[in-house]
Number of protein chains: 2
Amino acid sequence: MHETLFKYIEDKSGMTLDSNEKILIAEKFKAKKFRKRQYLLQEGDVCKYAGFVVRGAARMFSVNDKGQEHIVRFGVEGWWLGDPESYTQGTPTQFHIELLEDSDLLLITWDQFQELNATIPAVAATLKSMDKQSFIASQKRIHAAISLSAEERYEELMKSYPSFILRFPQNMVASYLGISPETLSRIKKNAHNN
Amino acid sequence: MHETLFKYIEDKSGMTLDSNEKILIAEKFKAKKFRKRQYLLQEGDVCKYAGFVVRGAARMFSVNDKGQEHIVRFGVEGWWLGDPESYTQGTPTQFHIELLEDSDLLLITWDQFQELNATIPAVAATLKSMDKQSFIASQKRIHAAISLSAEERYEELMKSYPSFILRFPQNMVASYLGISPETLSRIKKNAHNN
DNA sequence: AAATATGCTTGATTTTTGTCAACGCGCGGC
DNA sequence: GCCGCGCGTTGACAAAAATCAAGCATATTT
């Protein structure tokens, strides 16, 4: 199961992991199975683990005073789960992370990740690339959020991550887009007439 | 003028720069003055330089088909200007970066930044910290955009970056928040009555 | 100083999106 | 197999925000 992670690191870093490095990595990343609806993180807790998704899917979301949920992001195979702010700074999180399917995760604590980061160049390069990519992706989503209508945001999502629309229930896609389920339903209905 | 940058790097990295490193850095970062309304980057161009703001302020924005502008972010003293996607990947940008005041910038190309990154540990640490901070900040803005009303987003901005509201014209603040100038004007009018 | 542009406000109106409520379909649990 | 519930749809209505238009004060230019 760690094989997926090795491939990911070699791919992201453009380097090769020797067998010794692989052993080090496999020691620190604990494989854990989660069932659908289980939580990796709950509001108020400190995010102890970063999780690499080998198989499955999850959502990270907040709940406001009125009980409304807002999905900040999804995580699928080859993505990472966790709240970076809470994870790196040890502060309580305002988010929940819930598995949406039976999933296989590889978990690692901040300290251990730092150790790998310091000892294995490929891991360091991977982390750097991840952060930059995350930032670029975030920038795009911000731009979409402030400049596009609900319908345009949906079309944007269809282009960028069509698999999300197939994989996740429509009400969650709506939450991810920042619109109500009803609005998304109507958008889909009218999509052809334009 | 490079002193500000040295301080920034030492602060972010938690390390000290020796005089040799400072010379290396000063060699690669070119100081350049910009006047109000000058552009650092225009849509369609490749972002050749990252710019560190020593003094002044700028906005990064897009223009859509209808000619509407949307401000993705502001940059002030101690912040960086540039489109990371275009800068790192060499692709044409969809954004403009315009100086909003007479400004002093320190400019560096991607290649040169990479060199410093490879040779000076404090620079490497700074870059890492920057990327992570940027991502965390972006995450917050995304969350605000999908979960808060116009008025709540404005209140959020008042808490997080009150200086923006004092420093920039109100129509630009509105654009940054993703709302119309009229709406922001009305929000301010009604602010007391709640 | 006059002329011009810019930014802010306000009102009237339209458009977009959210909310509330009802209904139906399909799937999983029992 | 039946029951209940989650999920999507639809309609009627309400709320939020955008748009259009006018007017005014303040900078900026000349």
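In this predicted model, helix α9(B) provides the largest share of the surface near DNA strand C, contributing 4 residues. In total, 16 residues surround DNA strand C, and the closest of them are A:Ala150, A:Thr183, A:Arg186, B:Gln170 and B:Lys189. By residue type, the surface near DNA strand C comprises 3 nonpolar, 8 polar and 5 charged residues. Of the strand C atoms within 4 Å of the protein, 62% are part of sugar or phosphate, with the rest belonging to bases.

Individual polar contacts fill in this picture. On the backbone side, a polar backbone atom of A:Ala150 sits 2.8 Å from a phosphate oxygen of DNA strand C, and a polar backbone atom of B:Asn171 is 2.9 Å from a phosphate oxygen of that strand. The elements giving two or more residues to the surface near DNA strand C are α9 (181–190) of chain A, along with α8 (170–177) and α9 (181–190) of chain B. A base is reached as well: a polar side-chain atom of A:Arg186 lies 2.9 Å from a base oxygen of DNA strand C.

Turning to DNA strand D, 16 residues lie around it, and those that come nearest are A:Gln170, A:Lys189, B:Ala150, B:Thr183 and B:Arg186. Among the atoms of DNA strand D that come within 4 Å of the protein, sugar and phosphate account for 66%. The residues of the surface near DNA strand D are 3 nonpolar, 8 polar and 5 charged. Here α9(A) gives the most, with 4 residues.

Both phosphates and bases of DNA strand D take part in polar contacts. A side-chain N or O atom of A:Ser185 is 3.0 Å from a phosphate oxygen of DNA strand D, and a backbone N or O atom of B:Ser180 lies 3.1 Å from a phosphate oxygen of this strand. For the bases, a side-chain N or O atom of A:Arg186 is 3.0 Å from a base nitrogen of DNA strand D. The elements giving two or more residues to the surface near DNA strand D are α8 (170–177) and α9 of chain A, together with α9 of chain B. A:Arg186 thus has a side-chain contact with a base oxygen of strand C and with a base nitrogen of strand D.

Away from the DNA, salt bridges come into view. Side chains of opposite charge can pair when their charged atoms come close. Over all chains, the count is 18 salt bridges. One of them joins A:Lys28 and A:Glu115, with the closest N and O atoms 2.5 Å apart. This pair links distant parts of the chain, since A:Lys28 belongs to helix α2 (residues 19–28) of chain A and A:Glu115 to helix α4 (residues 110–119) of chain A, 87 residues apart. A:Lys28 is buried, at 12% relative accessible area, whereas A:Glu115 is partly exposed at 41%.

In chain B, the side chains of B:Arg55 and B:Asp104 form a salt bridge of 3.0 Å, N to O. B:Arg55 is in strand β3 (residues 49–55) of chain B and B:Asp104 in strand β8 (residues 103–109) of chain B, so the pair ties together parts 49 residues apart in sequence. B:Arg55 is partly exposed, with 38% relative accessibility, while B:Asp104 is buried at 7%. A further salt bridge brings B:Glu77 and B:Arg167 together, their closest N and O atoms being 2.8 Å apart. B:Glu77 lies in the loop between β5 (69–76) and β6 (80–81) of chain B and B:Arg167 in helix α7 (residues 162–167) of chain B, so this pair connects parts that are 90 residues apart in sequence. Both partners are partly exposed, B:Glu77 at 33% and B:Arg167 at 31%. In chain A, salt bridges with shared partners join A:Lys33, A:Arg55 and A:Asp104 into one network.

A:Arg73, in strand β5 (residues 69–76) of chain A, offers a contrasting case. A:Arg73 is buried but has no salt bridge, and the nearest side chain of opposite charge, A:Asp83, is 6.6 Å away. A polar atom of the A:Arg73 side chain does lie 2.7 Å from the backbone oxygen of A:Gly82. Residues touching A:Arg73 include A:Trp80, A:Pro84, A:Tyr176 and, from the other chain, B:Gln139.

Finally, B:Phe29 occupies the loop between α2 (19–28) and β1 (30–34) of chain B. B:Phe29 is buried, with a relative accessible area of 2%. Its contacts include B:His2, B:Leu5, B:Trp80, B:Leu106, B:Ile108 and B:Phe113. B:Phe29 and B:Phe113 are 84 residues apart in sequence and 8.7 Å apart in space, C-alpha to C-alpha.

Notes
Residues numbered from 1 in each chain as written. Chains lettered and ligands numbered in written order. Predicted model: local features only at pLDDT ≥ 70, side-chain atom pairs only at ≥ 80, totals over all residues. Heavy atoms only, no water. Buried < 20%, exposed > 50% of the residue type's maximum accessible area, 1.4 Å probe, protein only. Lys, Arg positive; Asp, Glu negative; His and termini not counted. Salt bridge = Lys/Arg side-chain N within 4 Å of Asp/Glu carboxyl O. Polar contact = N/O pair within 3.5 Å; in protein donor to acceptor, adjacent residues only side chain to side chain. Contact = heavy atoms within 4.5 Å. Near = heavy atom within 4 Å. Nonpolar A, V, L, I, M, F, W, Y, C, P; charged D, E, K, R; others polar. Lists of a residue's contacts leave out its neighbours within four places in sequence.
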